[in-house]
Amino acid sequence: MESIFHERQEGSLCAQHCLNNLLQGEYFSPVELSSIAQQLDEEERMRMAEGGVSSEEYRTFLQQPSVNMDDSGFFSIQVISNALKVWGLELILFNSPEYQRLGIDPINEKSFICNYKEHWFTVRKLGKQWFNLNSLLMGPELISDTYLALFLAQLQQEGYSIFVVKGDLPDCEADQLLQMIRVQQVQRPKLIGEETTQSRDQRLPRSDVDQAIEVSHPFDGTSMLDEDEENFQRALALSRQEIDMEDEEADLRRAIQLSMQGSRQNEFSNSLPQNASQPPHTSQTDSVSSEDLRRRRQAYFEKQQQIEQQDLTLNLHDKPTINSSTLEADPGGDMSEEDMLQAAMNMSLESARNHLSTEEKK
């Protein structure tokens with residue numbers, strides 16, 4: 001949804017954000033909206049002056065602050081309405097009994113502007129999907145077609161005034177793109193300032209499990225049930241535990257791979273002709289040096305086996321080990337990943353010891 005234009009809240013400029021999110025671009029600035037507000041104030045002043053500039057009503061009017069804007073950045077519905085007239089757009093009160101009697105399905109409209117306690121935000125259809133473009137959110141919120149009517153009804157119950165935007169909105173990239181594709185949203189965007197805990201797990205790259213969860217939990221515009229949210233978080237936690245396990249076992253994996261590579265190299269050497277794999281000994285000194293090398297290598301493998309056995313015993317909590325014959329009889333099966341690693345290590349070490357033993361007998 002990167003193509004969707006979304007201005008986040010700055011100060012009390014929600015009216016500006018509402019208009020720009022509706023039109024999908026930086027069409028209005030505070031200066032332009034202030035100019036419209038001042039023009040409206042002047043028109044009201046002239047109407048009041050018609051009753052006499054010396055009247056009490058006129059003097060009281062001049063002492064009152066503007067109802068169309070204030071220093072915080074608030075702008076009235078009149079300012080928003082006049083700003084939209086420039087684009088040939090008109091506002092109709094959705095809450096009014098007259099409009100409700102028309103029985104128009106909200107899904108057949110194009111956009112809505114909502115207001116409650118001097119906060120304005122836009123709900124607009126882009127392509128074939130609806131989005132809540134509230135500037136208090138970190139990003140656009142996808143609203144399903146089935147949830148749109150319930151969403152608007154909930155706003156009405158909370159005291160919002162809702163206006164239908166009538167007319168042709170200007171063309172925008174997001175509308176053209178979303179005519180061809182549909183997007184999904186796993187989780188609603190957070191409110192600006194909402195507390196979030198950035199943990200190490202959240203900074204890790206997305207795993208395949210995270211992506212699978214996203215695909216299996218398409219966002220339908222409604223809030224997740226508590227149980228679904230709990231299951232969702234549990235699945236994420238499990239996937240991150242797997243990442244941690246992989247980190248802890250990385251050294252063991254590399255050791256096994258190196259050992260198995262050494263075994264494969266020895267097998268390759270044994271498969272070569274004798275005169276090609278081993279040059280003839282020319283002296284007793286060479287023979288003694290080779291024998292010493294084999295003893296050192298055997299001692300190294302035995303020491304490595306003891307270290308690895310101790311580490312596995314601590315990390316795997318005394319889980320039963322599986323020997324190579326069991327692995328061959330039931331590859332995969334119900335074996336855990338730790339058991340398979342243990343079996344692979346045993347096979348590698350057995351192969352190395354057998355090769356050393358064969359060399360000693362020669």
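This report walks through the strands, the nonpolar cores and a surface patch of a predicted model. Local features need pLDDT of at least 70 and side-chain atom pairs count only at pLDDT 80 or more, while totals for chains, interfaces and linings use all residues. Residues are numbered from 1 along each chain as its sequence is written, and side-chain values use heavy atoms, with hydrogens and water left out.

Let's start with β2 (residues 111–116), where five of the six residues are buried, meaning under 20% relative accessible area (1.4 Å probe, protein chains only; exposed is over 50%, partly exposed in between). Strands are DSSP runs (E, at least two residues), and helices are H or I runs of at least four, numbered from the N terminus. Strands pair if DSSP finds at least two bridges between them. Here are the partners of β2:

| Partner of β2 | Bridges | Direction | Opposite Ile113 |
|---|---|---|---|
| β3 (residues 119–126) | six bridges | antiparallel | Thr122 |
| β6 (residues 161–166) | four bridges | antiparallel | Phe163 |

Ile113 also turns up in the largest nonpolar core, of 25 residues, as one of those with the most contacts inside it. A nonpolar core is a set of buried Ala, Val, Leu, Ile, Met, Phe, Trp, Tyr and Cys residues joined through side-chain atoms within 4.5 Å. Helix α1 (14–23) gives this core its largest share, six residues.

On the surface, Leu177, Met180 and Ile181 make a nonpolar patch with about 290 Å² of accessible area together. Leu177 sits in helix α7 (residues 173–178) and is partly exposed, at 33% relative accessible area. Patch residues have over 30% relative accessible area and no salt bridge (a side-chain nitrogen of Lys or Arg within 4 Å of a carboxyl oxygen of Asp or Glu); nonpolar side chains (Val, Leu, Ile, Met, Phe, Trp, Tyr) are joined within 5 Å, like charges within 9 Å. Accessible areas come from the Shrake-Rupley method with a 1.4 Å probe, and for residues only the protein chains shown count as cover.
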